[in-house]
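Please work through the exercises below with the sequence and the model side by side, and try each task before reading its solution.

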Amino acid sequence: MKWGNRREGGLCGSHEGNHAFIAKKKGLMHLSNNRADAVRRAAVIGSGVMGAGIAAHLANAGMRVLLLDIIPPSLTAEEERIGLTLHHTQVRNRLAQTALQRLIKAQPAALYDPSFAERITVGNVEDQLQELAGVDWIVEVVVERLDVKRELLERIESVWSPGTIVTTNTSGLSVAAMAEGRSEAFRRHFAATHFFNPPRYMKLVEVVPTADTDPAIVAKLTELCEKRLGKGVVLAKDTPNFIANRIGTYGMVVTLEAVQRHGLTVEEADALTGPAMGRPKTATFRMLDLVGLDTLLHVLDNVRERSDDPAEKAAFARPLILEQLVASGRLGEKSGSGFFRKVKREGGGSDIESLDLETLSYAPRRQISSTVIDAAKAAKGAAGKVKALLAAEPGSRYSLFAWETIKRTLLYSAKLNGEIADSLVEIDRAMKWGFNWELGPFELWDAIGLRSSVERMQSESEEVPAWVLQWLEAGNESFYRAAGADAGEEPIRFYASVATGLYEKERVSADEISLAALKKTGNRTVLRTSGASLIDIGDDVVCLEFHSPNNAIGGDILTAIRQSAEEVSRNWRGLVIANEGRNFCVGANLMLLLMEAQSGEWEEVEDIIRLFQSSMLSLKRLDRPIVAAPHRMTLGGGVEACLPADQIIYSPETYFGLVETGVGLIPAGGGSKEAAVLAAERAAGGDIQPHLNALFETVALAKTSSSGFDVGRIGLKRPQDRVIARQDARIAEAKRAVLELDRAGYAPPQEKRVRVAGREGRAVLQLGVQSLRLSGQVSKHDALIGAKLAHVMAGGNAAPGAEVSEQYLLDLEVEAFLSLCGERKTQDRMSHMLATGKPLRN
């Protein structure tokens, strides 16, 4: 049997439609065998890119995973050389074993921690088929052919244990057709769980039941994917390509058509359909190259072949340009060329070239600038950017192109509402979580003005779905409506229901807190500066939210920290430090520091650092519990804002590190001091040096974690800190942790003196730096930075084993920081980082 390997996924939480479905079996979730945490062992069949990625993420969630594939039909040259045969286990398990080895080395990492690979066992579907009887969840991820999947499901059922969930990761085949011929009991436990690629990083999972799927199984899968895997789940109907790929591919096709109709270049189209439209930087053509042009054709074919609607078949016709490129072997990034290609330069480096859509030849990629694009860039938020894009130059090529692509996508989404999902909320979430749109189609429609845009569509003879017109005729002006909430209550959002013709309450998970929604109520903001806000999140707990550009810490945030500490001490049970920005915090305001340093305003620089240090100390000495909940990039000053907390609750996707040496500085907001404190605590009265060496290496080399779990590897995770599976739950979980600390009778940590390694410890660290310098692994300036960092972390000129105050260490931080700020090479590093976003090695 030739299953092949599934190489591609799709094109790249709470849920409205599933609630009535789940409610039919209310109470079943409380049975032990229907709890998501009862799923401890899983099997993934198919070890291609998607199968291996899914297996890795199940291992990330703590499951024991059996990864199976077919037996290879022939030996490799190496296997023949060492005398193996097709009967050897090494050969029979080769495909899955090779996939596992790729997972361990994959970049970006598929596993939260390399050690999690130990949770995966490899095998093949002949020798290990019987082992499927002992797992709780089976996921098939084999080639996208209905006959192959049916044959595999038949084999699975031959060893299937009643109660085991079986799902397919198909990106759009009929789930019901796949289950034909299977027993009723098997079909009740069968559904699709459509992960997006790469499974660790993409938030969306589409759960697709059939008419036979037990509602309790749908509920269990929803809970499993949300709480254990940290995903955003939408319930999709069993229609071609489900939700996200259906709308996403349609959007790509209409964009291709509009590009050619308006005579745009590849670069112009991407400049208009990326962040300017509330979409990712990959925009349209870069996204097509990443997805694979042959993959897009396959997705288009699937919709067209499964549809009986002539208009739908025409909408998903194969674009000629895609057929031409695929026929010539230009499949996108995986083949080295598509709409873009990378060309190596003589003497090193490379250039990016783009495709001329008329000649299909390549030329150097051009930067695009126009008043339309500039207006969108200058606008705030996705809604503001799209409105600016449409309004900047009415009637211009760019404005008309943007309107056409948006209009057609909105109308298509509205046409499918009720057909591919039970509510428009599911559609919006699918596009945000699966394609990384900032606004779903219906949120976008509200943003540009529902009534005015529909009037424009009608003036252009577009057919607007009847339910949209009826909704407007009823006097409604938007698809969503927010309702305020009294203090202590959660804000509510309502959405337009096609089924009832009324606003229905949007359901949200009990373990989510939305700061954005709370702020809209108007009575939850306790205090605010230009860079941060203190928000009442209920139960006498407040959240300190950063919202400066890139959440970089400057005077506005430091002022808010000090004011918040005073406010919390007087009136609240505790404090959460978290935000909903793209990143938690990228560090201190480097531009401000550079300007002061270049002007020689050393007193100003010292004042900034002293303010930073005292602000962090105000958190550390607060007489109320503090829990920090960082996510994604948490660098430099962001780490220093977390370390004073009593507990840190990491999102799984937290990239945590003290990275100041990369810009020629040392951590001086308390970061170097806290590293010294950690070394002393870990020594527990014994030898400090090994612990200090490890932490010095972390800080000196600007190491960052690749996940929340990986923070332990770089030495910055403390015993009380932990990682949660679901990023969306981090604020609610941090709040719960604050309340637990408060109920336990919280007492603030007493200031303790810090035992340091002293002069001898410093000498050991500096010897290591000099060794790296002599071997050419670090530059002369790196060595200078390392020497100053060693001086601080070892306790300066203190005697070995001496106990010093935290303020003593902070003073050493200031001294080293000011000295480095005066170095020309440090200023060059700061300038380079601000200009390019990349470190300079000088």
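The exercises that follow deal with a helix and its cover, two paired strands, unusual backbone places, and salt bridges.

The model is predicted, with local features needing pLDDT of at least 70 and side-chain atom pairs counting only at pLDDT 80 or more, while totals for chains, interfaces and linings use all residues. Residues are numbered from 1 along each chain as its sequence is written, and side-chain values use heavy atoms, with hydrogens and water left out.

**Exercise 1**

Compare the expected span of helix α5 with the distance between its end C-alpha atoms, and then find its buried residues and what covers them.

Solution. Helices (H or I, at least four residues) and strands (E, at least two) are DSSP runs, numbered from the N terminus. The expected span of a helix is 1.5 Å times one less than its number of residues, so the 12 residues of α5, 94-105, should span 16 Å, and this agrees with the 17 Å between the end C-alpha atoms. Next, take the cover: buried means under 20% relative accessible area, exposed over 50%, and partly exposed in between, with a 1.4 Å probe and protein chains only. By that rule R94, A96, A99, L100 and L103 are buried in α5. An α-helix has 3.6 residues a turn, so residues three or four places apart point the same way. The cover over the buried residues of α5 includes α2 (49-60), β2 (64-69) and β3 (120-124).

**Exercise 2**

Determine how strand β1 is joined to β2, and how far β2 is covered.

Solution. Two strands pair if DSSP finds at least two bridges between them. Strand β1 (residues 41-45) and β2 run parallel and are joined by 5 bridges, among them the one in which A43 has L66 of β2 as its partner. As for cover, 5 of the 6 residues of β2 are buried.

**Exercise 3**

Locate the cis peptide bonds before P108 and P198, and then examine F242 and R632, whose phi values are positive.

Solution. One cis peptide bond joins Q107 and P108, with omega about 0°, and P108 is found in the loop between α5 and β3. Another joins N197 and P198, again with omega about 0°, and P198 lies in the loop between β6 (190-195) and β7 (204-209). Turning to phi, F242 has a value near 60° although it is not a glycine; F242 is in the loop between β8 (232-235) and α10 (244-262) and is buried, with a relative accessible area of 0%. R632, also not a glycine, has phi near 50°, is placed in strand β20 (residues 632-635), and is partly exposed at 26%.

**Exercise 4**

Which parts does the salt bridge between R726 and E512 tie together, and are its two residues buried or partly exposed?

Solution. A salt bridge is a side-chain nitrogen of Lys or Arg within 4 Å of a carboxyl oxygen of Asp or Glu, and by this rule the count comes to 62. In the pair R726 and E512, the closest N and O atoms are 2.5 Å apart. R726 lies in the loop between β23 (722-723) and α30 (730-743), and E512 in the loop between β14 (503-505) and α23 (515-520), so the pair ties together parts that are 214 residues apart in sequence. R726 is buried, with a relative accessible area of 3%, whereas E512 is partly exposed at 24%.

Methods:
Contact means heavy atoms within 4.5 Å.
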